[in-house]
2 protein chains.
Amino acid sequence: MRELQERILKDGAVLPDGIIKVGAFLNHRVDPVLMEHIAAEFGKRFDMDKVTLILTAESSGIAVAAFAARKFGKPFLFAKKAKSKNISGDVYRSEVFSHTYRKPVTLMVSREWIRPSDRVLILDDFLANGAAARGLLDLVRQSGAEPLGIGCVIEKGFQGGGDRLRAEGVRVESLAILESAEPGHIVFRSV
Amino acid sequence: MRELQERILKDGAVLPDGIIKVGAFLNHRVDPVLMEHIAAEFGKRFDMDKVTLILTAESSGIAVAAFAARKFGKPFLFAKKAKSKNISGDVYRSEVFSHTYRKPVTLMVSREWIRPSDRVLILDDFLANGAAARGLLDLVRQSGAEPLGIGCVIEKGFQGGGDRLRAEGVRVESLAILESAEPGHIVFRSV
């Protein structure tokens with residue numbers, strides 16, 4: 001998605017540890033015009049008529065899911081992250097390693113909101129090593145619902161998480177894939 | 001907002017400890033039709049032409065802010081919650097007591113995304129004792145920007161946080177105010 005690539009180059013930054021800083025428009029300050037175009041692009045890549053539920057994870061995935069949910073009239077569900085294992089209630093859980101918190105984090109959704117009859121599109125802001133995406137996929141599979149694929153805004157291609165999922169047959173659509181990212185120098189994968 | 005009151009009665013629940021469970025449509029599963037109407041209602045209560053920035057806090061505020069941001073073409077900013085005080089970077093911080101985490105939590109926003117010239121509308125899903133709202137207001141005031149008011153979807157009127165803010169002259173608009181909430185019995189404030 002050219003508009004997104006241009007925005008990353010213009011307003012994004014790469015920190016020395018490979019962190020992509022896009023707080024200008026994606027995961028701190030959120031630009032509603034770009035987000036609307038991002039939602040439209042997901043609509044080109046996935047058959048939204050089939051989707052019955054959009055699933056994401058708190059926090060930064062929520063804005064991405066919200067714009068897509070509104071545009072296509074779908075409910076969305078955001079998995080909660082618990083840093084404790086002491087969680088009650090009737091939930092599906094999946095433990096993933098969080099690089100943000102530098103420890104395992106449990107993703108949780110209430111069982112009542114994913115039905116076996118659901119066809120679920122997973123959306124998120126970032127895909128790096130794929131841990132969060134795998135956790136969300138795991139939640140969908142536990143419920144018996146059908147995962148239609150994973151859409152993410154920015155994929156860190158150099159971390160390989162997206163390609164490992166694709167190699168396993170998971171449909172992964174990323175709107176910008178960074179082949180390499182160093183301070184001052186970003187190379188996008190041509191798609 | 002009648003539609004919201006009816007939805008709370010139909011799909012919400014009150015847990016014994018006064019927790020209002022609205023994960024069916026607001027803060028876990030999100031209903032895009034209701035959220036669009038909620039955004040429209042905020043547009044009736046605040047002069048959106050004046051707003052230059054919508055501010056909320058992660059996580060559940062993000063969906064509320066996203067729908068309003070899209071509808072009125074405004075950027076939004078979500079304050080990050082840090083459970084640690086070891087935060088670097090050029091940020092405004094405000095420490096609030098979180099009842100969810102049962103400990104102090106620091107709300108943070110990057111200084112570059114709130115300018116003294118901004119006119120800021122604060123939006124959130126819940127207003128209970130007002131701690132989060134006060135934290136967001138504090139961030140706006142630190143920046144020198146003008147706070148236009150606080151809009152929240154559900155106010156727990158019986159906790160008094162909204163009325164204390166109103167008594168201080170803060171514009172607070174809540175789309176449903178619960179005067180009392182016990183399992184099986186909710187009383188709304190008539191407005």
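1. A word on method to start: copies are superposed by least squares on the C-alpha atoms of residues with pLDDT of at least 70 in both. The model is predicted, so local features need pLDDT of at least 70 and side-chain atom pairs count only at pLDDT 80 or more, while totals for chains, interfaces and linings use all residues. Residues are numbered from 1 along each chain as its sequence is written, and chains are lettered from A, with ligands numbered from 1, in the order in which they are written.

2. Now to the symmetry. A turn of 180 degrees with a shift of 0.0 Å along the axis lays chain B on chain A with an RMSD of 0.0 Å. The two copies are thus related as by a two-fold rotation axis. Which residue of chain B comes closest to the rotation axis? That is Ser59(B), whose C-alpha lies at 2.6 Å. Both copies use the same surface, as 100% of the contact residues of chain B recur in chain A.

3. On the contact itself, chain A and chain B contribute 23 residues each (two residues are in contact if their C-beta atoms, placed from the backbone, lie within 7 Å). On the side of chain B that touches chain A, at least two residues come from each of strand E3 (29–30), helix H2 (32–45), helix H3 (61–72) and strand E5 (76–82) of chain B. Helices (H or I, at least four residues) and strands (E, at least two) are DSSP runs, numbered from the N terminus. H3(B) gives the most, with six residues.

4. You may also like the strand link between the chains. Strand E5 (residues 76–82) of chain A and E3(B) run antiparallel and are joined by two bridges; two strands pair if DSSP finds at least two bridges between them. Leu77(A) has Arg29(B) as its bridge partner in E3(B).

5. Finally, a look at one helix residue. Ala65(A) lies in helix H3 (residues 61–72) of chain A. Is Ala65(A) buried or exposed? Ala65(A) is buried, because 31 other C-beta atoms lie within 10 Å; the cut-offs are 20 or more for buried, 12 or fewer for exposed, and partly exposed in between, with C-beta atoms placed from the backbone. Leaving aside neighbours within four places in sequence, Ala65(A) is in contact with Ile54(A), Thr56(A), Phe76(A), Phe78(A) and Leu123(A). Gly184(A), 119 residues apart from Ala65(A) along the chain, is separated from it by 30 Å between C-alpha atoms.
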